[in-house]
Structure formats: structure tokens, C-alpha cells
Amino acid sequence: MKEKPLLILVGNPNVGKSVLFQYLTGIYAEVSNFPGTTVEVTEGTFEQFRVLDVPGVFGLSSDNDEERVTLDAVLQADMIVNVLDGTQLHRDLFLTLQLIDLGKPMILLVNMMDDVQKKHIYIDFEALEKTLGVPIVAVSGRKGSGILQMKHQILEGGSIGQPFVPYSWKDHFFNSPSYNEEANRFRRKEVNRLLSNYLIQKNKASGLGLLLLHPFFGFLFLIFILSVIYFIIGKVLAQEVINFTEDFLMGTCYFNWITGLLNPCFSDDSFISCLLLGEYGLLTMVPIYLFGLLLPLVAGFYFILSLLEDCGILCRVAVLMDRWFSKFGLNGKAIIPMLLGFGCVTMALITTRILGTKRERLIASALLCIGIPCSAQFAILLAISSQLTFQSLLIYLGTVFSLFFFVGFFLNHLLPGTSSELFLILPPLRTPVFLNLIKKTAQKTNHFLHDAGVMFVLGSILLSLLSYFNGFALLYQSLEPLTTSVLGLPPQTAGLFLMCMIKKDLGAAHLYSMVSDGLLSEPQIVIVLTIVTLFVPCFASLAVLIKEQSPLQSMLIWLSSIFLSFSTGAILAQVLL
Amino acid sequence: MKKKYTSFGFSLPLSQIQKNQYVQILSIPNSNIRLQAIRLGMTEGSCIFCLEKLHHGPVVVLIENQQVAIGYFLAQSIRTIPIKASFSKIGGLK
């Protein structure tokens with residue numbers, strides 16, 4: 001059978017390729033309002049075509065991962081669909097000229113036509129089409145207009161444009177950087193010349209976009225956003241919603257139902273009963289923690305994060321934070337993996353790829369593993385910390401922040417080399433599409449449940465085994481010098497640290513129930529909270545860390561986080577108890 | 001409206017320009033950044049507008065209708081020359 005022809009959607013970052021991909025194939029590819037969302041290639045089919053959605057790039061070269069992936073895909077394509085942002089033709093046409101030089105059949109989709117009209121930009125499509133020799137379709141992904149014409153044009157096929165650079169692009173490409181610069185200058189001049197056909201009437205950034213970058217109001221706004229997040233997750237979700245889902249829905253209704261149903265089947269002291277219905281049971285602890293406690297918190301957190309992403313606020317935050325991150329040898333872009341880390345550290349470790357150098361990736365990974373709690377854990381930490389007095393909260397936050405800064409400074413001075421500088425294109429502020437937010441939240445939450453579910457099941461089996469064969473007594477006893485004497489905590493906390501090692505959320509969820517049961521005094525809560533926040537990354541994160549960094553560096557990060565967390569805990573115990 | 005630029009005749013690093021000022025790029029020494037910048041339309045000779053400047057932090061400039069944030073130390077290495085922009089009747093941006 002003949003293989004299906006390959007159609008590729010290429011364009012600058014953040015021009016709406018993924019939305020158009022969704023219209024073509026019906027497959028949801030992650031969409032957001034910051035560049036670099038599509039890190040991997042998504043595949044689907046449209047009529048007789050195999051369709052690929054590739055990472056957005058500003059040009060073709062083999063300088064970084066995204067451009068390499070895109071270049072490989074483009075070289076194999078049978079037809080190229082180049083997506084452009086109608087409000088940014090000056091920038092986007094540059095890539096178009098590079099693509100035309102490849103000599104493959106092409107179609108141009110000028111997206112964001114709703115914005116073009118709003119901004120009173122006039123584009124002479126006919127003249128542009130004639131000069132480029134490639135059919136152009138104007139669409140609006142958000143409004144869904146022009147989609148039929150787009151499909152129709154794809155089925156009709158594209159055409160091969162007139163090459164602009166007078167010499168063959170491919171022959172020279174991999175050999176000479178100076179050639180590259182020369183050809184790029186040439187293309188830039190051509191784009192400037194071409195665009196004398198089109199008029200920009202207004203050349204101003206929106207007022208709100210500028211306010212977010214303002215040295216004073218920007219920070220004020222940032223603090224406001226953080227307080228809103230704290231209020232929604234720490235107060236509303238963690239107290240009102242969790243009370244209902246964990247205590248009533250899962251903890252009472254579900255628990256009574258499942259124990260009533262299965263209790264008669266097994267004798268109380270059998271291993272099966274302990275495994276399924278015991279304190280760490282597969283049918284008791286796992287669903288209650290996962291659905292009653294973590295699901296509402298995680299979904300809420302992801303929704304807020306998606307909202308920030310889609311509005312285009314995240315990139316502005318990156319600019320505000322640049323100066324502070326430069327103290328750690330990072331640039332403002334590192335805020336993206338850091339904030340994602342509050343969602344899931346495992347995922348954030350992969351996103352560190354957007355940082356320019358190996359040095360930056362190592363520093364960011366170490367900071368993520370040591371100082372950033374992931375969503376479920378963060379939400380639980382927020383929930384617990386909202387029960388603390390202001391003084392205790394200050395001690396906890398102060399300790400974690402100062403350690404975060406210390407590790408950053410230390411690594412920046414210890415590691416050789418320099419880091420790359422901020423050069424960040426800011427996407428326009430947009431009103432997010434509600435459906436898109438819901439889809440993204442659902443996708444990420446689903447991913448979380450899948451990922452955490454496996455670890456929870458494994459952890460539950462291990463803990464049930466320990467509990468049934470009296471392993472806990474042995475564990476408590478052997479760790480007692482550490483927990484009781486050094487840290488001044490009840491011996492049960494040894495089990496908590498074991499859970500944290502398996503999956504931090506599991507440990508955090510257990511901590512939550514320990515606090516609710518009143519097993520810990522306030523200073524003890526502060527100590528445990530600090531240790532849990534700084535404690536080792538979970539097994540899933542460790543696996544990714546080893547994949548992204550070297551095994552030696554990963555082990556160093558892992559061991560130092562154990563050392564840091566316990567030594568900080570010990571110091572706090574000396575001061576507070 | 002076409003913008004017409006008049007040079008003031010002295011050069012300074014991009015990090016020292018002021019908010020709401022037009023400057024013309026004289027040189028971008030970092031070759032990696034130069035390649036990225038060309039793609040966005042920022043080359044030697046092109047005119048940019050400073051939208052915002054954070055103290056010891058990034059400079060946010062407008063390059064061909066696109067907002068770009070440039071880190072402090074990078075901005076220190078880019079030489080610019082302040083210009084005055086005036087408007088004539090017809091035509092697009094340069």
C-alpha cells in the first residue's frame with residue numbers, strides 16, 4: 001500500500017498552529033499563549049494526508065531542539081502548510097521565505113484575522129500571493145472562520161513558490177554559519193520590501209500589557225495574582241471543597257459503602273483484608289487520597305495555571321523576574337519551568353529544555369527538585385499552612401525561600417561557565433477561550449491521575465506489606481534517633497518520609513490527615529512541612545532527572561536534598577522546640 | 001503614516017536608553033542573538049522603540065510591532081544611537 005502523503009503545519013511560535021491542527025484532524029494538541037507549548041510532534045490524519053503539528057520556530061536551523069525537530073519534519077514533507085499571525089507578518093514572513101526556498105508545494109494560512117481587523121491592519125493578499133507564488137487563505141482559528149476554504153485549498157494542493165535567495169539553500173545550510181547570516185540578511189531585506197504593500201495603522205502595545213511590565217504596578221499585580229491563587233487553593237478549595245469531597249463524599253459515604261460491601265468476604269486479620277481495606281488499602285487509602293483530596297486541588301491548580309498561560313501573563317512575569325533569576329545564573333525564562341513545577345515537577349524537568357545552556361538546565365533542575373513542591377503537595381501545604389499562625393507561616397516560608405536562594409547562589413558560583421541572556425518575544429495579551437481552559441485542565445489532570453495512580457497503587461502495596469508484617473514498628477524504631485531525638489517529632493513521621501520518597505503527594509496527603517488528627521503540635525507542623533517541601537523528588541521525577549541530566553548529577557541532587565531537608569529540620573527543631 | 005528619523009549623533013548601550021525613546025541599532029556583538037534578531041527584523045540600522053525598562057533588569061522594546069524583552073547584560077552589549085521620530089504622510093514602517 002502506498003504511504004499517505006505527509007502534510008506539515010509549520011509556523012512561528014504562538015500563531016495558532018495547534019488550533020488549526022485541531023480543526024483539520026479533530027485531535028486536541030495543547031494550546032496556550034506562550035511560545036514553546038508544542039515541544040513534541042503531534043500526528044493526525046486529514047482525508048488522504050498524514051498531518052503533523054511541529055514545534056513553532058522563528059527560522060530553520062539546527063541550533064536548538066525545536067528547530068531540529070521542525071527541520072527534520074519539513075525536509076520529509078510532501079506539502080507544507082505555513083501558518084502566519086496576520087498581525088505579525090513582519091516576523092512570520094521570514095520563515096515563509098525560508099520554506100519557499102525549500103522548493104516544496106506550499107499553502108499560507110494567515111491566522112488571527114479577527115485581530116487583524118480589530119487592529120485595522122490592511123493586507124493586500126492578492127499582491128502578496130502573486131509575488132510569493134503560493135496560495136494564501138485568511139483564517140481565524142479562534143472564531144472558526146475560513147476553515148472550509150482552508151480544507152478546500154489543502155485538498156486542491158499547494159504550489160511551489162519562486163525561491164528568493166538566489167543560491168541553493170540546502171547545499172550550504174549545514175556547512176557555513178556566515179552563509180546563514182548572509183542569507184538571513186537577504187531574506188530580511190526581502191520581507192521589508194514585500195511588506196511595503198501593507199499598512200500598519202497603529203503601532204502601540206495595549207495598556208494592560210504595559211502595566212504588567214511596569215516596575216511597580218507589575219510587581220503589585222504579581223502579588224495580587226499570588227494572593228488570589230492562595231485564596232482559591234488554600235482557603236476555598238482546601239477547606240470548603242475538600243471538607244465535602246474528602247470527609248463526607250469519600251471518607252464517609254464511599255468508605256462505609258466499600259467496607260460494608262467487602263468486609264464480610266474476608267476475615268479482619270487476613271492479608272487480603274489489610275491490602276484492600278486496611279489503613280493503606282488499595283480500595284480505601286488510594287481512592288480517598290486520589291479522588292477525595294488530590295483531584296479537586298490539582299484540577300483547581302491546573303485551571304489557574306492554564307488561565308495565566310493563555311492570557312499571556314506568564315511571559316510578562318518572566319520579564320519581571322529576570323533580574324532576580326540572573327542572581328542564580330538563570331534568566332527570566334526559568335520562571336516557566338519553575339511555575340510548571342508547582343504543577344508537576346516531573347513535567348517541569350522536561351520543560352527545562354527551553355533554557356539555553358546545560359548549566360542553566362542543571363541549576364533549574366536542582367532548584368526544582370529541592371525547592372518547588374508539586375501541585376497536589378503544594379495545595380496540601382497551602383491547606384495546612386492556612387491553619388498555622390502568621391508567625392509559623394513566616395518561619396516556614398522564610399526557611400524554604402532562603403534555602404531556595406542559597407542553593408541558587410551556591411550553584412551559580414560553583415558551576416563553571418556563563419548562562420544565556422534573556423531574549424524573549426512577548427505574546428499579545430488575549431482573552432482565554434473557556435473551552436480551551438477546560439480541555440487543558442482535563443488533559444493535565446488526567447495525566448496526573450494516571451501518573452500518580454500507578455505510584456499510589458505501588459506505594460499502597462508496599463505500605464500494606466510493611467503494616468501487615470510489622471515493618472513499621474521496625475522502621476519507627478530504627479529511625480527513632482533521627483525522628484524523635486534530632487527532629488523532635490513523633491516516631492510515626494518515619495512512615496511519612498518513606499511515603500514522600502515514593503510519591504511526595506502521598507506523603508503530603510498523609511501529613512494532612514496527621515495534622516487533622518491532631519498528632520502534631522504547631523512547631524512540629526512547621527518542621528515537618530519544611531522537611532517535606534525540601535525532601536527528595538519522587539521516583540518519577542528522579543527517572544526524568546536521570547534522563548535529562550547525567551546519573552551522577554542526579555544522584556548528587558537527590559542526596560543533597562535529603563541532607564538539606566533533614567539538616568534544616570534539625571536546626572528548626574533546635575530553635576523551635 | 002511614515003516615520004522619519006533624525007539622529008542625535010551620540011551612541012549608547014541599549015541598557016541605558018530611556019522609556020519611550022526611539023533608537024537605531026548600531027551593532028549586536030553576540031552572533032547567536034544577532035541571528036535570532038534578524039529573524040524578528042532587528043538588524044544593524046533598524047529602528048526600535050523602548051516600551052519599558054526595569055531597573056537593572058530587562059529592556060522591553062518594540063521591533064516591527066512585536067514586543068521583545070532583552071536581558072540587562074545583553075542590552076549592555078548592544079550599541080544604539082538615539083533618534084527622534086517624526087511622521088510624514090504616506091507609507092508603512094521601514
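Chain A and chain B bury about 3500 Å² between them, and 57% of that area sits on carbon and sulfur atoms. That figure is a handy one to start with, because the size of an interface is often given as the accessible area lost when the parts come together. Keep in mind as you look around that this is a predicted model. On the residue level, chain A puts 35 residues into the contact and chain B puts in 38.

What holds charge against charge here? The count between chain A and chain B is 1 salt bridge. You'll find it at B:Glu44, which pairs with A:Arg185, with the closest N and O atoms 3.2 Å apart. Polar contacts add to the picture: the rule finds 10 residue pairs in polar contact across the interface, both partners at pLDDT 80 or more. If you want to see which parts of chain A do the touching, look at α3 (89-100), α8 (177-194), α9 (207-213), α13 (313-325) and β7 (423-426), each of which gives two or more residues to the side facing chain B. Of these, α13(A) gives the most, with 5 residues. Sorted by class, this side of chain A has 16 nonpolar, 8 polar and 11 charged residues.

The β7 strand of chain A deserves a second look. β7(A) pairs with strand β6 (residues 66-70) of chain B in the antiparallel sense, over 4 bridges. To get your bearings there, find A:Leu424, whose bridge partner in β6(B) is B:Ala69.

Stay in chain B and move to strand β4 (residues 47-53). Here 6 of the 7 residues are buried, so β4(B) is largely enclosed by the rest of the structure. It has strand partners too. Strand β3 (residues 22-27) of chain B runs antiparallel to β4(B), joined by 3 bridges, and B:Gln24 has B:Cys47 as its bridge partner. Strand β5 (residues 59-63) of chain B also pairs with β4(B) in the antiparallel sense, over 4 bridges; there B:Lys53 is matched with B:Val59. The hairpin of β4(B) and β5(B) has 5 residues between the strands, and in it B:His56 takes a positive phi near 55 degrees.

β4(B) also brings us to a salt bridge within chain B, where the side chains of B:Lys19 and B:Glu52 meet at 3.2 Å, N to O. B:Lys19 lies in the loop between β2 (12-13) and β3 of chain B, while B:Glu52 is in strand β4, so the pair ties together parts that are 33 residues apart in sequence. The two ends sit in unlike surroundings: B:Lys19 counts as partly exposed at 40% relative accessibility, whereas B:Glu52 is buried at 3%.

Now for the charges elsewhere. Side chains of opposite charge can pair when their charged atoms come close. Over all chains the count comes to 9 salt bridges. In chain A, A:Lys440 forms one with A:Asp310, the closest N and O atoms being 2.7 Å apart. This pair links distant parts of the chain, since A:Lys440 is in helix α19 (residues 434-468), A:Asp310 is in helix α12 (residues 285-311), and 130 residues separate them. Both A:Lys440 and A:Asp310 are buried. A:Arg91 and A:Asp92 form another salt bridge, at 2.6 Å between the closest N and O atoms. A:Arg91 is buried, with a relative accessible area of 5%, and A:Asp92 is buried as well, at 1%. There's also a network of salt bridges that links A:Asp114, A:Asp115, A:Lys118 and A:Arg142.

Two more spots in chain A are worth a visit. A:Thr70 is in helix α2 (residues 65-76). Is A:Thr70 buried or exposed? A:Thr70 counts as buried because its relative accessible area is 0%. A polar atom of its side chain lies 3.0 Å from the backbone oxygen of A:Pro55. Setting aside residues up to four places away in sequence, A:Thr70 touches A:Val10, A:Val54, A:Pro55, A:Val57 and A:Leu60.

The other spot is A:Leu277, found in helix α11 (residues 271-277) of chain A. A:Leu277 counts as buried because its relative accessibility is 11%. Among the residues it touches, not counting those up to four places away in sequence, are A:Ile258, A:Leu262, A:Ile272 and A:Leu283. A:Leu294 is 17 residues from A:Leu277 in sequence, and the two are 20 Å apart in space, C-alpha to C-alpha.

How values were computed. Residues are numbered from 1 along each chain as its sequence is written. Chains are lettered from A and ligands numbered from 1 in the order in which they are written. This is a predicted model: local features need pLDDT of at least 70, side-chain atom pairs count only at pLDDT 80 or more; totals for chains, interfaces and linings use all residues. Side-chain values use heavy atoms; hydrogens and water are left out. Contact means heavy atoms within 4.5 Å. Buried area is the accessible area (1.4 Å probe) that two parts lose on being put together, summed over both. A salt bridge is a side-chain nitrogen of Lys or Arg within 4 Å of a carboxyl oxygen of Asp or Glu. A polar contact is a pair of N or O atoms within 3.5 Å; within protein, one must be able to donate a hydrogen and the other to accept it, and residues adjacent in sequence count only if both atoms are side-chain atoms. Ala, Val, Leu, Ile, Met, Phe, Trp, Tyr, Cys and Pro count as nonpolar, Asp, Glu, Lys and Arg as charged, and the others, Gly among them, as polar. Two strands pair if DSSP finds at least two bridges between them. Buried means under 20% relative accessible area, exposed over 50%, partly exposed in between (1.4 Å probe, protein chains only).
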